[in-house]
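Subject: Handing over the structure

Hi,

Here is the structure I promised to pass on. Have a look at it first, and then read on for my notes.

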Amino acid sequence: MIRQAASASAPASIGNVGVGFDILGQAFEAAHDVVTAVRDERPGVHLVHVSGLVSSLPDDTASNTALAAADAVLKSVGSPCGLRLSIVKGVPLAAGMGGSAASAVAGAAATNAVLGEPYSLGELLPFVLEGERVASDPPHWDNVMASLLGGLVLAAREEPALIQRVPVPDGVTSIVVHPEVKIETRMARSILGSEVPLKVAVEHGRRVASFILGCSTNDLDLLRSGFEDVLVEPQRQHLLPCFNQVRAAALGSGALGCSFSGSGPSVFAWAVDADADAVENALSMAFADADVPARAYRAPVSSGGVKVTFSDEALAAA
């Protein structure tokens, strides 16, 4: 059914999820980007309004992930109509919380909805990746697939694409703390070594397997044993000088694990629900002790993915 307007709300996300560099992503519904798409007689995709955490964004498809993803969907179906897009930015940018991915996911999903949903959510992945490519080329699958599908998602294969949601343990909360520090993703990737010692590769494989199996079987001891990243985190921790103190505070308060969210600067931890308050307080206090202002967010590990709505309010919002 062709619609006049639709809105899509896409959650923030945690890239890598500690041990899963570039292969694991987790939806984090404490923050969302919302994109409203309205049919337009003019061809192409046009940005008409930006609000939320920012009041302006690039208005061309070469620089805006939401516009690029929407344009990719629009062109794929050969639609003669165009779209007007409005964006409410609720996910902080450059925070390690998947802000560019959330916009791309919401843009693709809202466009797909207006066009009568020619694609399933999973089939939107290539278009969302094209949107994310605007922010990072090659695009990162972890944030994109998590924001799209929700929960904890594994990129089992890229070509042809094979992604799979991983069962998550019951009663576990994610806490993300975003400090007022800048870490540029491209720079954070550029410092990574191109070779890995065999001992590190073996230990990394052991921990990925332990983490995935612990999640799948609800075995928190197994999950905890695999949480710490020995591959990438040691190469990046100097980018946030207080990182070791922050992680130690989280683990000391009962966290199952703690690491960078994506390439940072945000730090995330998993905790059983009963320990979530203590872990959040410990993380916040550790940043405060380091004189680094920071904001804490909290959401279930089982956070949902993108959601689409059709209503008169969606039309009015645009």
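Helices (DSSP runs of H or I, at least four residues) and strands (runs of E, at least two) are numbered from the N terminus throughout this email. This is a predicted model, in which local features need pLDDT of at least 70 and side-chain atom pairs count only at pLDDT 80 or more, while totals for chains, interfaces and linings use all residues. Residues are numbered from 1 along each chain as its sequence is written, and side-chain values use heavy atoms, with hydrogens and water left out.

**The overall picture**

The protein has eleven helices and eleven strands. Its C-alpha atoms fill a box of roughly 60 × 40 × 35 Å along the principal axes. The radius of gyration, taken over C-alpha atoms, is 19 Å, which agrees with the value near 20 Å for a compact globule of 318 residues; that rule is 2.2 Å times the number of residues to the power 0.38. Of the 318 residues, 52% count as buried, where buried means under 20% relative accessible area, exposed over 50%, and partly exposed in between (1.4 Å probe, protein chains only). I also looked at contacts, meaning heavy atoms within 4.5 Å. Among those between residues at least 6 apart in sequence, 75% join residues at least 24 apart.

**Helix α1**

Helix α1 covers residues 65-76, twelve in number. From first C-alpha to last it reaches 17 Å, close to the 16 Å expected at 1.5 Å a residue; the expected span is 1.5 Å times one less than the number of residues. Ten of the twelve residues are buried, so the helix is mostly covered. The buried ones are T65, A66, L67, A68, A69, A70, D71, A72, V73 and L74. They pack against three strands and two helices, namely β2 (24-40), β3 (44-52), β4 (82-89), α2 (99-114) and α3 (125-133).

Both ends are worth a look. At the start of α1, a side-chain oxygen of N64 comes to within 2.9 Å of the backbone nitrogen of A66. After the helix comes G78, with a positive phi near 65 degrees.

One of the partners of α1 is visible from the other side too. G107 is placed in helix α2 and is buried, with a relative accessible area of 0%. Its contacts include A66 and A70, along with V35, when residues up to four places away in sequence are not counted.

**The cores**

In soluble globular proteins, nonpolar side chains tend to be buried together. I defined a nonpolar core as a set of buried Ala, Val, Leu, Ile, Met, Phe, Trp, Tyr and Cys residues joined through side-chain atoms within 4.5 Å. The largest has 69 residues, and those with the most contacts inside it are F28, L85, M97, L152, F211 and W270. Helix α2 gives the most to this core, with ten residues. Apart from it lies another core of 19 residues, including L240, C242, A255 and V267.

M97 has a long list of neighbours: not counting residues up to four places away in sequence, M97 touches A12, S13, F28, V91, P92, V176, H178, S261, S266 and Y297.

**Buried polar side chains**

For these I used polar contacts (a pair of N or O atoms within 3.5 Å; within protein, one must be able to donate a hydrogen and the other to accept it, and residues adjacent in sequence count only if both atoms are side-chain atoms).

S174 sits in strand β7 (residues 172-179) and is buried, at 0% relative accessible area. Its side chain makes a polar contact of 2.6 Å with the side chain of Q26, and another of 3.2 Å joins the side chains of S174 and W270.

N143 belongs to helix α4 (residues 141-149) and is buried as well, at 10%. The N143 side chain makes a polar contact of 2.8 Å with the side chain of S13. Beyond its neighbours within four places in sequence, N143 is in contact with S13, I14, G15, G98 and A101.

**Cysteines**

How many disulfides does a search of the whole structure find? Zero, with a disulfide taken as a pair of cysteine sulfur atoms within 2.5 Å. The sulfur of C242 is 11 Å from the closest cysteine sulfur, in C258, so the two are too far apart for a bond. C242 is buried, with a relative accessible area of 7%, and C81 is buried at 9%.

Best wishes
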